[in-house]
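I open a fresh page for this structure. I want the fold, the helix packing and a handful of single residues.

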Amino acid sequence: GDRLYASSPGSLVEYEGFVHDVLREDVVLRFDDRFHKSHAKGRTFHIRFTFNRFPLQLEHRAVERLSAVPDICQQLAFPTRQTVAQRQLLHPVGKLQLFNQNIDKNLEQYGAVQHILAGSSRPAPYLVFGPPGTGKTMTTVEAIKQIWKKIPGSRILACTPSNSAADDLACRLLAHIPLREILRLNAFSRNTQSIDP
């Protein structure tokens with residue numbers, strides 16, 4: 001997650017922390033041990049946020065490099081009306097046997113899983129978006145599990161904006177998908193001590 005610094009009012013000492021999770025109305029922060037030892041309940045801190053430009057630079061670089069890749073990648077990233085009209089559904093979708101029964105109670109999530117499994121937006125990617133806490137991860141995990149189950153041999157690339165989000169995704173997938181079928185890559189900048197084997 002993004003890096004931030006906490007300091008007591010009037011103090012020059014700053015404690016480094018990271019955004020661990022963003023919830024609907026809260027932000028979960030993780031600090032080093034020095035901060036936790038000096039923290040007392042009810043104590044206030046000044047928080048200084050920083051912005052990591054590196055992920056955005058990589059995204060811009062990827063878009064710039066699309067001009068040098070084969071046509072199939074161009075069509076995937078920038079579909080035309082003609083390529084969209086030629087699409088075929090990947091998998092006929094009937095009533096799904098869900099891994100997570102809570103998806104059955106939410107029509108938008110259930111519909112998203114069906115569309116992802118069918119490949120109805122191909123060749124464009126199917127985008128799942130919404131504010132924090134609305135079930136994007138739950139929907140994405142269910143869709144990945146359904147593809148794994150119904151389209152054997154599929155290769156799925158799941159990307160997240162942070163290491164903690166990727167950890168969460170991988171842990172949820174491991175509930176039904178064998179470890180030997182999942183490859184979890186970490187950001188080069190990640191502290192290896194923070195990785196849970």
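**Entry 1: strand pairing.** Before I look at partners, I fix the term: two strands pair if DSSP finds at least two bridges between them. I also note that the model is predicted. I started with strand S1, residues 3-7. How many bridges join S1 to strand S4? I find four, and the two strands run antiparallel. S4 covers residues 46-49. I picked out Tyr5 and looked up its bridge partner in S4, which is Arg48.

Next I checked cover. S1 is mostly covered, with four of its five residues buried. I took Ser7, which is found in S1. Is Ser7 buried or exposed? Its relative accessibility is 10%, and the cut-off for buried is under 20%, so Ser7 counts as buried. I then listed what Ser7 touches, leaving out residues up to four places away in sequence. The list reads Val13, Glu14, Phe45 and His46.

**Entry 2: the whole chain.** I stepped back to the overall layout. I count seven helices and four strands in the protein. Along the sequence, the pattern reads β-β-β-α-β-α-α-α-α-α-α. The protein has 197 residues, and 23% of them count as buried. I also looked at contact range. Taking contacts with a separation of 6 or more, 56% are between residues 24 or more positions apart.

**Entry 3: H5 against H6.** I moved on to the helices. Helix H5 spans residues 107-118. I get an angle of about 40° between H5 and H6, and their axes lie 9 Å apart. Roughly parallel needs an angle under 35 degrees, and H5 and H6 are therefore oblique to each other. Their crossing is right-handed.

Which residues of H5 meet H6? I wrote down Gln109, Ala112, Val113, Ile116 and Leu117. On the H6 side I have Met138, Thr139, Glu142, Ala143, Gln146, Ile147 and Lys150. I sorted the residues of this H5 and H6 contact by type: seven nonpolar, three polar and two charged.

**Entry 4: H6 against H7.** I kept H6, residues 136-150, and turned to helix H7, residues 163-173. The two pack at an angle of about 45°, and their axes are 10 Å apart. That angle makes H6 oblique to H7. H6 passes H7 in a right-handed crossing.

I listed this contact too. H6 contributes Thr137, Met138, Val141, Ile144 and Lys145. H7 contributes Asp168, Leu169, Arg172 and Leu173. By type, the residues of the H6 and H7 contact divide into five nonpolar, one polar and three charged. I marked Met138, which is listed in the contact with H5 and also in the contact with H7.

**Entry 5: Lys149.** I stayed on H6 for one more residue, Lys149. Its relative accessible area is 36%, so I log Lys149 as partly exposed. Setting aside residues up to four places away in sequence, Lys149 touches Gln97 and Phe99. I also looked up Lys149 and Ile177, which are 28 residues apart in sequence. Their C-alpha atoms are 9.0 Å apart in space.

**Entry 6: the loop between H5 and H6.** I looked at two residues here. Gly133 is found in this loop, and Thr134 has its place there too. Is Gly133 buried or exposed? Its relative accessible area is 57%, and exposed means over 50%, so Gly133 is exposed. Thr134 comes out at 32% relative accessibility and counts as partly exposed.

I then looked up Leu23 for both. Gly133 and Leu23 are 110 residues apart along the chain, and their C-alpha atoms are separated by 5.7 Å. Thr134 and Leu23 are 111 residues apart in sequence, with 9.3 Å from C-alpha to C-alpha.

**Entry 7: Gly94.** My last lookup was in the loop between helix H4 (81-85) and H5, where Gly94 has its place. With a relative accessible area of 43%, Gly94 is partly exposed. What does Gly94 contact beyond its neighbours within four places in sequence? I find Tyr110 and Gln114. Gln114 lies 20 residues from Gly94 along the chain, and the C-alpha atoms of the pair are separated by 8.3 Å.

Notes:
Residues numbered from 1 in each chain as written. Predicted model: local features only at pLDDT ≥ 70, side-chain atom pairs only at ≥ 80, totals over all residues. Heavy atoms only, no water. Axes fitted to C-alpha atoms, helices over the stretch in contact; angles between N-to-C directions. Parallel < 35°, antiparallel > 145°, perpendicular 65-115°, else oblique. Left-handed = near helix turned anticlockwise from the far one by under 90°. Contact = heavy atoms within 4.5 Å. Nonpolar A, V, L, I, M, F, W, Y, C, P; charged D, E, K, R; others polar. Buried < 20%, exposed > 50% of the residue type's maximum accessible area, 1.4 Å probe, protein only.
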